[in-house]
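This report describes the fold, the surface and the charged side-chain pairs of one protein chain. The reader is invited to examine the sequence and the structure shown below before continuing.

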Amino acid sequence: MKQELGVRIVRITSGEELLSKVSYNEENKTYTVKKAAVLVPGQEHGQLAIVPWIPYASQDDGVELQESTVIFCVKPMKELEEEYNSCLLYTSPSPRDGL
């Protein structure tokens, strides 16, 4: 059974913290992240930047993560979730962009 979790911060074993729309599949023990972004420190103390995660790949169906690669999955602060939702307008580069 697939459970929609909404917007979550997901830390994976690579050390990346993803901000994403997340669902969890109990049957195959996987998380699916959609429209994922990476949280990176900003230039000023205490700031965070939201940067697209694998922007060169199609994420229309999401990216499946095995449960063993997820360290934690938590709800973000309201302000961060609102910022993420306002940033969802980014698009993936197309092949004609030279990538």
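Of the 99 residues in the protein chain, 31% are buried. The model is a predicted one, and every value in this report is computed from it. The accessible surface of the chain amounts to about 6,800 Å², and carbon and sulfur atoms account for 51% of that surface.

The secondary structure consists of 1 helix and 6 strands. Read from the N terminus, the order of the elements is β-β-β-β-β-β-α, with the helix following the strands. Contacts also link parts of the chain that are separated in sequence: among contacts between residues at least 6 apart, 51% join residues at least 24 apart.

The structure contains 2 salt bridges, which are set out in the table.

| Salt bridge | Closest N and O atoms |
|---|---|
| E17 and R11 | 2.4 Å |
| E81 and K75 | 3.3 Å |

Both separations can be compared with the cut-off, because a salt bridge requires a side-chain nitrogen of Lys or Arg within 4 Å of a carboxyl oxygen of Asp or Glu.

How exposed are the partners in the salt bridge of E17 and R11? E17 has a relative accessible area of 22% and is therefore partly exposed. R11 likewise counts as partly exposed, at 29% relative accessibility. In the salt bridge of E81 and K75, K75 has a relative accessible area of 55%, so K75 is classed as exposed; the cut-off for this class is over 50%.

Methods:
Residues numbered from 1 in each chain as written. Predicted model: local features only at pLDDT ≥ 70, side-chain atom pairs only at ≥ 80, totals over all residues. Heavy atoms only, no water. Buried < 20%, exposed > 50% of the residue type's maximum accessible area, 1.4 Å probe, protein only. Helix = DSSP H or I, 4+ residues; strand = E, 2+ residues; numbered from the N terminus. Contact = heavy atoms within 4.5 Å. Areas by Shrake-Rupley, 256 points an atom, 1.4 Å probe, with all protein chains shown as cover.
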